[in-house]
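Got your viewer ready? Load the model and follow along, one selection at a time.

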Amino acid sequence: MPTRKPLLPDVARRTAAWSGVLLLVAGVAAVAIWLCVALKTAVTPVLLALLGTALLGPVHRWLTARKVNRSVAAGLTCALLVAVGGGAGYIVVTALVDTGDQIVASLKDTAQWVIDHFDIEGVANVDDLADNAKGLVEKFGASAAGGLLTGISLIGSLVTTGVLALLLTFFFLRDSDRAVSLAHTLAPRGTGDLVEAMGRRAFEAVEGFMRGTTFIALIDALCITVGLLILRVPGAVGLGALVFVGAYIPYLGAFISGAVAVLVALADRGLVIALWTVGVVLAVQVLEGHVLQPVIQSRTVQMHPAMIMIALTAGASVAGLLGMLLAVPVCAAAFGVIGELRKGYEAEHGGVPEGP
């Protein structure tokens with residue numbers, strides 16, 4: 001009996017098959033994102049707790065390796081998180097509050113310098129803009145005073161989220177040894193080892209990202225603060241604190257904090273000091289890109305800068321600033337899972353997949 005000739009050529013069939021797979025994956029991802037947004041009150045503490053667990057995991061393992069009870073070790077680790085996080089937050093907020101007026105005044109002077117030196121027509125005076133902004137702030141303050149209950153509700157929500165994230169971090173640290181057995185229990189038959197490997201790889205990626213980013217942010221902030229102090233740029237400590245906070249948003253945070261530092265230097269110290277500030281910022285970025293990141297984050301998932309920018313944009317569109325903070329670690333975990341799946345396929349079939 002003669003073989004029946006396929007209706008479509010092989011290339012078309014492969015394209016159709018891959019299109020179906022991509023549509024299925026996109027549909028599942030869209031539903032997952034929709035559920036996360038719909039249940040953000042519950043999802044946000046879980047994600048923050050996972051980031052905290054990834055950051056504090058080495059401390060907990062160090063304590064348990066010295067025969068400290070797992071619950072006690074988790075409690076001590078969370079207490080350390082509260083102490084260090086609270087202290088760092090206090091330093092950052094205090095620095096920004098103490099030097100905020102200097103920074104705003106310098107930015108205002110910079111805007112006026114640009115208007116005066118480039119003869120920009122039709123632009124309102126900076127003082128008028130400042131007065132209008134002040135009026136808007138006062139109007140907003142009056143509205144906020146009228147909606148006091150809304151403000152109290154927002155603060156209560158933030159406090160609740162923080163407390164839940166801290167409690168979940170405690171439980172995640174204490175019961176992390178049970179994650180392997182849970183993965184084998186929930187996984188379909190015969191896939192327990194693969195699920196365990198994917199979970200480990202994803203968590204290692206997030207753990208490496210959090211540790212590396214925190215260490216790099218600290219070094220960047222210290223280097224830029226020292227450089228600004230040497231150049232006698234006003235608000236150097238506050239600008240350094242801004243660099244530390246912005247480092248958790250790759251590329252975009254460094255660009256914004258560096259631009260603010262340069263503008264402040266331009267307004268208060270002149271063009272020469274501003275150029276020196278540009279040199280300091282660029283030198284720190286070169287140090288970060290060519291020394292710190294390859295050494296500190298060599299074992300984490302490396303993503304192309306374009307992928308990071310796409311992830312930041314998507315995270316901002318889904319969940320605003322919180323989405324931008326979570327976008328890169330989530331993508332790192334996803335790339336880790338994909339890498340583990342690819343490795344498992346190559347080990348089983350001896351090659352890369354060509355099509356479904």
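Start by selecting Thr 53 and showing whatever touches it: leaving aside residues up to four places away in sequence, you should pick up Thr 169, Phe 172, Leu 173 and Phe 203. Keep in mind that this is a predicted model. Thr 53 itself sits in helix H2, which covers residues 40-65. Is Thr 53 buried or exposed? Its relative accessibility is 6%, and the cut-off for buried is under 20%, so Thr 53 counts as buried. Now add Ala 49 to the selection: its backbone oxygen is 2.7 Å from a polar atom of the Thr 53 side chain.

Next, the nonpolar cores. Go for Leu 228, Val 233 and Leu 239, the residues with the most contacts inside the largest nonpolar core, which has 16 residues. To see where that core comes from, colour helices H7 (192-230), H8 (236-246), H9 (252-269) and H10 (271-296), each of which gives two or more residues to it. H9 supplies the largest share, with 5 residues. Then jump to another core, lying apart from that one: 14 residues, including Ala 202, Met 210, Ile 249 and Met 303.

Last stop, H8. Which of its residues are buried? Select Ala 236, Gly 238, Leu 239, Gly 240, Ala 241, Val 243, Phe 244 and Gly 246 to see them. That makes 8 of the 11 residues in H8, so this helix is largely enclosed by the rest of the structure. Leu 239 should look familiar here, since you've already selected it in the largest nonpolar core.

Technical notes. Residues are numbered from 1 along each chain as its sequence is written. This is a predicted model: local features need pLDDT of at least 70, side-chain atom pairs count only at pLDDT 80 or more; totals for chains, interfaces and linings use all residues. Side-chain values use heavy atoms; hydrogens and water are left out. A nonpolar core is a set of buried Ala, Val, Leu, Ile, Met, Phe, Trp, Tyr and Cys residues joined through side-chain atoms within 4.5 Å. Buried means under 20% relative accessible area, exposed over 50%, partly exposed in between (1.4 Å probe, protein chains only). Helices (H or I, at least four residues) and strands (E, at least two) are DSSP runs, numbered from the N terminus. A polar contact is a pair of N or O atoms within 3.5 Å; within protein, one must be able to donate a hydrogen and the other to accept it, and residues adjacent in sequence count only if both atoms are side-chain atoms. Contact means heavy atoms within 4.5 Å.
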